[in-house]
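Colleague: Hi! Could you walk me through this structure?

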Amino acid sequence: MDNNFSALFKRLIVDNPYFLHGVEIARANSTGDLWVIGGFVYRHLAAELFHSKVFPSDIDFVASGPKPKKLHIPRGWDV
């Protein structure tokens, strides 16, 4: 296995509905570039590298900036 962790991570999450929903929410509330960081990344990579189970976790994003309007909260969510 090569050490291109970015490509590996992209392959692991490209069709992940949980991740895609998170990106949709993050994009609705931010401007510019968006990066995924933290445990979601590490758990998926570790599970693939060590042939283990991926445990559910939140998804952390870093965005270039917030959208200046009201916060977008998906229908049905309590905040």
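Modeller: Happy to; we'll take two loop residues and then a pair of helices. This is a predicted model, where local features need pLDDT of at least 70, side-chain atom pairs count only at pLDDT 80 or more, and totals for chains, interfaces and linings use all residues. Residues are numbered from 1 along each chain as its sequence is written, and side-chain values use heavy atoms, leaving out hydrogens and water.

Colleague: Cool. Where is N29?

Modeller: N29 is in the loop between α2 (17–28) and β1 (30–37). Helices (H or I, at least four residues) and strands (E, at least two) are DSSP runs, numbered from the N terminus.

Colleague: Is N29 buried or exposed?

Modeller: N29 is buried, at a relative accessible area of 18%. Buried means under 20% (1.4 Å probe, protein chains only), exposed over 50%, and partly exposed in between.

Colleague: And which residues does N29 touch?

Modeller: Not counting residues up to four places away in sequence, N29 touches P66, K67, L71 and H72; contact means heavy atoms within 4.5 Å. The N29 side chain also reaches the backbone nitrogen of H72 at 2.6 Å.

Colleague: New topic: at what angle do α1 and α3 cross?

Modeller: The axes of α1 (residues 5–13) and α3 (residues 39–49) cross at roughly 95° and come within 10 Å. Axes are lines fitted to C-alpha atoms, for helices over the stretch in contact, with angles from 0 to 180 degrees between N-to-C directions.

Colleague: Last one: where is S57?

Modeller: S57 is in the loop between α3 and β2 (60–66). S57 is buried too, with a relative accessible area of 13%. Its C-alpha atom is separated by 6.1 Å from that of F40, 17 residues apart along the chain.

How values were computed. Polar contact = N/O pair within 3.5 Å; in protein donor to acceptor, adjacent residues only side chain to side chain.
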